[in-house]
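Subject: Structure handover and notes

Dear colleague,

Please find the structure below, followed by an account of what was found in it. I would be grateful if you could read the notes with the coordinates open beside them.

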Amino acid sequence: MLNQKIVLSYYDFHRKSFQGMPTELFKGVDKEFAFGLIDLLNRGEKEYGSTAGLRAFLARWFSASNLNAFRGYDDKIEEISSRKVFEGAELVVFNQHSTLAFIEFLLLYLKDNTPVSLIKPTNEQMEINLLDAYLVINQGLNSSKNGFEDFQKSHPREAVYWLSMNKAFQYADLLDRNAQELFITEIGKATMLFGLLETHVLAKPILDTFLAKYDCLHWTDYLKAIAGMSAIGFDTANHSGNTLVEIDPQLPFYPTCLKILDQVSVDIEMAVISEDFLYLRNHPIHRQCENKYQILARRFFVEKIFRALYFELREINATLGIMSDTKFRTVFYTSSFSENTLFYAVLDKIFEQSPFKKQGLEMEMIDRGFGASDYIAFHKQSVFIFESKDILIKKEVKARLFIPEMYDEFRKKFYKDGTADKAVLQLARNVKKMIEGGYGKFMFSPSKCRFIYPVVVVHSEAFNILGLNQILAHWFKEACIEVGLSAKQRYKIKPVVIIDVGTLLYFQDKINKNKVGLGSIISHYARRTKMPLDPARSPNHITIFQERYMIPFSLFLDRRIKQIKRSGTPLSILSKVRKIFPGF
């Protein structure tokens with residue numbers, strides 16, 4: 001049996017389940033105490049991932065006057081860790097998903113409740129109550145039924161991957177890249193989006209209205225304000241964040257900064273998002289006064305700044321009546337920006353030294369009915385064929401984590417949805433067309449091709465999940481057989497990989513340069529993650545097992561490149577930033 005981290009819940013400490021919601025334990029908690037605890041959780045997020053880390057962190061959770069309560073929980077942890085069934089396992093309570101859920105519950109409670117001073121509990125009691133509330137959240141996670149047993153019977157080859165994906169899927173987009181790297185990639189995306197707005201005939205009035213609202217003469221002024229705000233919120237020495245931020249009134253574009261804060265702050269409701277942690281994503285900061293705020297979730301803070309930009313442009317479009325909401329979302333943003341601008345620009349940079357590359361839009365102009373892939377390139381005797389997917393999984397599916405339901409939803413997004421081919425099936429059909437000479441009409445012949453590398457590019461980091469790449473590789477084999485590719489033809493086709501566009505954007509200057517070949521990294525990943533036929537040769541610790549065989553390709557590429565070359569701000573983004581910030 002694989003050893004693993006054991007997430008302790010309310011039952012483990014109290015020998016009974018809690019019948020109710022975590023918010024029932026929040027009664028009497030005031031904002032000062034609550035936001036102090038949130039600050040503690042954020043500052044300690046890298047410290048509590050082991051039994052020793054848990055015990056040390058609990059010593060900080062409880063005040064000196066609450067020593068008896070600390071000893072009670074600490075003794076229970078020692079007793080649990082001594083049980084033979086948990087031998088070699090790490091005991092944890094605090095984890096990123098439960099922490100976000102805890103903060104979400106706490107913010108909602110504070111929004112809807114005003115503490116009454118007569119019934120306010122002591123600080124010592126609040127420490128106990130809030131820890132128990134956190135344990136109740138873990139209880140809900142541990143007790144959720146995922147449908148694995150029945151799924152394993154019908155899909156035995158995929159079952160181990162879906163079990164690994166099950167819990168990680170809820171927060172995969174929170175773990176892969178730190179907030180500073182996210183900010184760099186989002187700045188790169190924003191420069192492309194504003195550039196498109198500036199040149200797009202229909203969208204130019206949307207941009208003009210947006211700039212007028214934020215007191216900006218040019219869109220670069222808006223980005224300067226964002227950069228100034230965000231830089232204050234990060235501590236580059238330890239890659240963490242300042243949880244309490246004050247914007248200096250002398251800062252250039254100070255009025256613009258305040259208007260951006262109005263869009264991001266806890267007092268403002270934003271348009272509905274189809275994701276989990278809805279309230280916290282909408283309210284990642286606590287506004288203490290006009291220019292002073294506490295960051296509650298650093299990643300959500302960066303995400304909200306740039307997401308608010310999209311929703312703001314969307315609302316302006318609706319007010320001006322330039323495009324329908326559907327046309328703005330699908331034609332302008334998804335097609336014109338995500339694919340025709342961002343996706344193409346990143347791949348053109350990666351394959352700038354390649355003798356042949358072709359964008360899907362170019363091939364569509366030559367033969368609209370051919371159904372060509374979104375991008376192809378010939379590099380170092382190999383072909384790279386890409387499908388771009390700007391998709392999300394329904395938040396209800398993420399919330400329930402029922403494996404058979406997840407399987408159906410992912411199958412619709414990445415294989416076929418009953419009406420059209422998707423992702424891996426599209427790749428398989430186009431690989432067949434390429435091998436059989438169909439791409440000759442685009443002046444490309446695969447006759448000298450050694451290998452074919454199929455790649456799915458997604459526009460959300462939510463798909464950087466343990467096991468998903470292996471599931472898609474399994475489906476791609478199935479798709480190759482479905483479209484009629486022979487065993488001989490399949491020999492030169494490498495396993496499919498899935499990668500998010502943000503990772504490609506961040507490393508676009510390093511991929512296919514010097515020793516960092518995309519093909520070699522994919523081949524190394526395929527060898528590294530191939531399951532051994534003999535189970536006895538597998539690691540007996542779940543973390544090592546998952547790290548070896550189920551690591552997302554985006555994370556594998558990230559680590560591989562950083563091992564080979566020191567990472568820094570991508571030069572392609574840096575050149576754009578320097579035009580906005582001379583001397584940067």
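In what follows, contact means heavy atoms within 4.5 Å. Please also keep in mind throughout that this is a predicted model.

To begin with the chain as a whole, there are 26 helices and twelve strands, and 55% of the 584 residues count as buried. Among the contacts with a separation of 6 or more, 76% are accounted for by residues 24 or more positions apart. The accessible surface comes to about 26100 Å², and 53% of this belongs to carbon and sulfur atoms.

Turning to the interior, the largest nonpolar core has 82 residues, and within this core Tyr222, Phe386 and Phe553 have the most contacts. Helix α9 (residues 179-199) supplies the largest share of this core, namely ten residues, while domain 2 (203-322) and domain 3 (344-580) each contribute at least three. If neighbours within four places in sequence are left aside, Tyr222 is in contact with Phe194, Phe210, Tyr214, Cys216, Thr256, Ile260, Ile305 and Leu309. A second core, separate from this one, has 53 residues, including Tyr407, Phe442, Ala479 and Ile493.

The other feature that I would point out is an open sheet of five strands, which follow the order β8-β9-β10-β11-β12 with mixed pairing. Because β8 (356-359) and β12 (497-500) stand at the edges with a single partner strand each, one side of each is left without a neighbour in the sheet. On average, and with direction ignored, neighbouring strands of this sheet are turned by 20° against each other.

Within that sheet, β9 (residues 375-379) pairs with β8 in the antiparallel sense over four bridges, and Tyr375 of β9 is the bridge partner of Gln359. With β10 (residues 382-389), β9 is again antiparallel, joined through five bridges, and here Ser382 of β10 is the bridge partner of His379. The hairpin of β9 and β10 has two residues between the strands, and Lys380 takes a positive phi near 50° there.

Is β9 enclosed, and which of its residues lie on each face? Five of its five residues are buried, so β9 is largely enclosed by the rest of the structure. In a regular strand the side chains alternate between the two faces of the sheet. In β9, Tyr375, Ala377 and His379 lie on one side and Ile376 and Phe378 on the other, and both faces are covered, since these residues are all buried.

With best regards

Definitions and conventions
Residues numbered from 1 in each chain as written. Predicted model: local features only at pLDDT ≥ 70, side-chain atom pairs only at ≥ 80, totals over all residues. Heavy atoms only, no water. Core = buried A, V, L, I, M, F, W, Y, C linked by side-chain atoms within 4.5 Å. Buried < 20%, exposed > 50% of the residue type's maximum accessible area, 1.4 Å probe, protein only. Domains from an automatic or database assignment. Pairing = 2+ DSSP bridges. Axes fitted to C-alpha atoms, helices over the stretch in contact; angles between N-to-C directions. Areas by Shrake-Rupley, 256 points an atom, 1.4 Å probe, with all protein chains shown as cover.
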